[in-house]
Amino acid sequence: VGQVVKTIPVDGTRPVVVIFVLPDCPCSIGYEPYVHRLYRAYGDQATFVEVVAGDGPAAERWKKQHQTPFPVISDPDGKVAREFGALRSAYTALVVNGKVAKLWPGYSAGSLGELGKLITAETKQLAGSIDVEGAPEQLTSGCPL
């Protein structure tokens, strides 16, 4: 937290939500519907990017399979994950003003709500909301990246 982001293009005008994905990991697959809900609730306030552990074709397959409505980039050598300190799938980072403001080591109903509140606080826009029904109560992460 606090490190300057170099591997993800950020313009500094909007918060950036970065989600780390490992294709075929049940945790990444289970998290994806909540990521889409986050995007629908806060996509007008923040930029979303998914980082797929794998090559370009793996990232394209993930984007197509899950119909991801925002950029998906590949991380074949793990450089992006290392920069953020993301060790497992379903890690999520919030980047504000080009620096990592918060890193969640997994996802839960609470982390989804906290992320939404931080985006709202940063952008000073009306709070969105996200349906967290079915999300784990405890932070849940998946396979090592």
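This is a short tour of the structure, one selection at a time. Keep in mind as you go that the model is predicted.

**Stop 1: strand β1**

Start by selecting residues 16-21, which make up strand β1. This strand is mostly covered, with 6 of its 6 residues buried. Show the side chains and turn the strand until you can see both faces. V16, V18 and F20 point one way, while V17, I19 and V21 point the other way. Whichever face you look at, the residues of β1 are buried.

Now pick I19 alone, still in strand β1. Is I19 buried or exposed? Its relative accessibility is 1%, so I19 counts as buried. If you like to check distances in your viewer, try the C-alpha atoms of I19 and V51: they are separated by 6.1 Å, although the two residues are 32 apart along the chain.

**Stop 2: from β1 over helix α1 to β2**

Keep β1 on screen and add residues 47-52, strand β2. The two strands run parallel and are joined by 6 bridges. For a landmark on each side, colour V17 and F48: F48, in β2, is the bridge partner of V17.

Next, add helix α1, residues 26-42. Together, β1, α1 and β2 make a β-α-β unit. What is the handedness of this unit? It is right-handed.

**Stop 3: the other neighbour, β4**

Go back to β1 and add residues 92-96, strand β4. The pairing here is antiparallel, over 4 bridges. Two pairs of residues help you find your way: I19 stands opposite T92, and V16 has V95 as its bridge partner.

Show the side chains of β4 as you did for β1. On one side you will find T92, L94 and V96, and pointing the other way A93 and V95. Like β1, β4 is mostly covered: 5 of its 5 residues are buried.

**Stop 4: the β4-β5 hairpin**

Follow the chain onward and add strand β5, residues 99-104. β4 and β5 pair in the antiparallel sense, over 5 bridges, and together they form a hairpin with 2 residues between them. One bridge to highlight joins V96 to K99 in β5. Then select N97 in the turn. What is the sign of its phi angle? Phi of N97 is positive, at about 55°.

**Stop 5: two salt bridges**

Side chains of opposite charge can pair when their charged atoms come close. How many salt bridges does a search of the whole structure find? There are 2.

For one of them, select E114 and K102. Their closest N and O atoms are 3.4 Å apart. This pair links distant parts of the chain, with E114 in helix α4 and K102 in strand β5, 12 residues apart. E114 counts as partly exposed, at 31% relative accessibility, and K102 is also partly exposed, at 27%.

For another, select R37 and D131, whose side chains meet at 4.0 Å, N to O. Here too, distant parts of the chain are linked: R37 sits in helix α1 and D131 in the segment after α4, 94 residues apart. R37 has a relative accessible area of 24%, so it is partly exposed. D131 is partly exposed as well, at 44%.

**Stop 6: helix α4 and the cavity**

Now select residues 109-123, helix α4. Click on K117 in this helix. With a relative accessibility of 64%, K117 counts as exposed. Its C-alpha atom is separated by 9.0 Å from that of S129, which is 12 residues away along the chain.

For the last view, look for empty space. Rolling a probe the size of a water molecule over the atoms shows where such space is left. The structure holds 1 cavity of 30 Å³ or more, with about 30 Å³ of space in it. To see the walls, select Y31, T92, W104, G106, Y107, S111, L112 and L115. You have met T92 already, standing opposite I19. Which element gives the most to the lining? Helix α4 does, with 3 residues. Colour the lining by class and you will find 5 nonpolar residues, 3 polar ones and no charged ones.

Key: Residues numbered from 1 in each chain as written. Predicted model: local features only at pLDDT ≥ 70, side-chain atom pairs only at ≥ 80, totals over all residues. Heavy atoms only, no water. 1 Å grid on protein atoms, 1.4 Å probe; cavity = no way out; pocket = protein on both sides within 12 Å on 5 of 7 lines; lining within 4 Å. Points joined across faces, edges and corners; volume = space filled by probe spheres on them. Nonpolar A, V, L, I, M, F, W, Y, C, P; charged D, E, K, R; others polar. Buried < 20%, exposed > 50% of the residue type's maximum accessible area, 1.4 Å probe, protein only. Pairing = 2+ DSSP bridges. Right-handed = clockwise from strand over helix to strand, strands pointing away.
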